[in-house]
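Welcome, and thanks for taking a look at this one. Here is a short briefing to read alongside the sequence and the 3D view.

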Amino acid sequence: MNRIDPAGRGGEARIRYLDGDYQILSPGAFVRCAVTGAVIPLDELKYWNVAHQEAYVDPATCLARHKQLGLTWR
């Protein structure tokens, strides 16, 4: 199977987000940003929320979502 084959490892992965790490529940090549829906390749996944089990595409999107959830100090 190749990287873009959605039937195999190239599709969307199911992930359990942990503190500082994540566990792959179903293999895949990417996850989607919970806010924007953007594709995030697993090797570029850096931002997520453990309590809400959500991934974010970049730090600005992560901060915006945390503000929306009331998880920031200001």
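Helices (H or I, at least four residues) and strands (E, at least two) are taken here as DSSP runs, numbered from the N terminus. With that in hand, the protein reads β-β-β-β-β-β-α along its sequence. Please keep in mind that this is a predicted model.

**Fold and contacts**
- The secondary structure consists of 6 strands and 1 helix, and the helix follows the strands in the sequence pattern.
- Among contacts in the protein with a separation of 6 or more, 22% join residues that lie 24 or more positions apart.

**Burial and surface**
- The protein has 74 residues, and 31% of them count as buried.
- Its accessible surface is about 5,200 Å², and carbon and sulfur atoms contribute 51% of that area.

**Cysteines**
- How many disulfides does a search of the whole structure find? The search returns 0.
- Cysteine 33 takes part in no disulfide, and the nearest cysteine sulfur, in cysteine 62, lies 9.1 Å away.
- Why is there no bond between these two? A disulfide calls for cysteine sulfur atoms within 2.5 Å, and the 9.1 Å from the sulfur of cysteine 62 to that of cysteine 33, its closest cysteine sulfur, is too far for a bond.
- Are these cysteines buried or exposed? Cysteine 33 counts as buried because its relative accessibility is 4%, and cysteine 62 is buried too, with a relative accessible area of 14%.
- Both values fit the cut-off, since buried means under 20% relative accessible area.

How values were computed: Residues numbered from 1 in each chain as written. Predicted model: local features only at pLDDT ≥ 70, side-chain atom pairs only at ≥ 80, totals over all residues. Heavy atoms only, no water. Buried < 20%, exposed > 50% of the residue type's maximum accessible area, 1.4 Å probe, protein only. Contact = heavy atoms within 4.5 Å. Areas by Shrake-Rupley, 256 points an atom, 1.4 Å probe, with all protein chains shown as cover.
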